[in-house]
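Here are my notes on this one, as promised. Have the viewer open while you read, and start with the aromatic rings.

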Amino acid sequence: MRQVTVTTPDGKGADIAKIAFAVGIRDVSLHTVRVLKADKPEAIRDHLEIETATHLAKAFVEELTSKPFFNSTEYGVTVRQPRSIFSSREIRSLAKPFIEPTSDLFQELWQFCQITFGFVGRI
């Protein structure tokens, strides 16, 4: 299971939720946040939170980042892996073995940039 958080320009959250629904995600939380930065004026942004199966999180992130409007300056995506799951959904629908989101792979490569046979074998 993965927790995906997406921060978008104000008013774009509903469009991002439609992408999530199109890949099979059933629930998206959407709320407006105030973003404060030391060197920029206050901004209003949409903030989406998704808790879903790993394979759906992977499909969503890949679909979102392949869209022509997506850029990392205006959109922020965070993917986290929770340590425990309490859900009404069947565990088989939440967890499938050997699915690794691209963002997790990049994280692993960044932290452990010395490529070894063992590391390649895990991937």
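1. This is a predicted model, and it holds 2 aromatic pairs. In one of them, Phe69 and Tyr75 sit 5.6 Å apart, centre to centre, with 50° between the planes, and the pair is tilted.

2. How buried or exposed are these two rings? Tyr75 counts as buried because its relative accessibility is 6%, under the 20% cut-off. Phe69 comes out at 36%, so it counts as partly exposed.

3. Tyr75 also pairs with Phe70: the ring centres are 5.6 Å apart and the planes meet at 35°, so this pair is tilted. The tilted label covers plane angles that are neither under 30 degrees nor over 60. Both Phe70 and Tyr75 are buried. Put the rings together and you get one aromatic cluster of Phe69, Phe70 and Tyr75.

4. Now the largest nonpolar core, which has 18 residues; Val4, Val6, Ile16, Ile25, Ile50, Phe60 and Leu64 touch the most other members. Strand 1 (2–9), helix 1 (13–22), strand 3 (40–52) and helix 2 (54–66) each give two or more residues to this core. Helix 2 supplies the largest share, with 5 residues.

5. Which residues does Ile16 touch, leaving out those up to four places away in sequence? The list is Val6, Thr8, Leu48, Phe60, Leu64, Phe69 and Tyr75. Two of those names, Phe69 and Tyr75, belong to the aromatic cluster, and Val6, Phe60 and Leu64 are among the core residues that touch the most other members. I'd colour Ile16 and its contacts in the viewer to see this part at a glance.

Note on methods. Residues numbered from 1 in each chain as written. Predicted model: local features only at pLDDT ≥ 70, side-chain atom pairs only at ≥ 80, totals over all residues. Heavy atoms only, no water. Phe/Tyr/Trp six-rings, centres within 6.5 Å; stacked < 30°, edge-to-face > 60°. Buried < 20%, exposed > 50% of the residue type's maximum accessible area, 1.4 Å probe, protein only. Core = buried A, V, L, I, M, F, W, Y, C linked by side-chain atoms within 4.5 Å. Helix = DSSP H or I, 4+ residues; strand = E, 2+ residues; numbered from the N terminus. Contact = heavy atoms within 4.5 Å.
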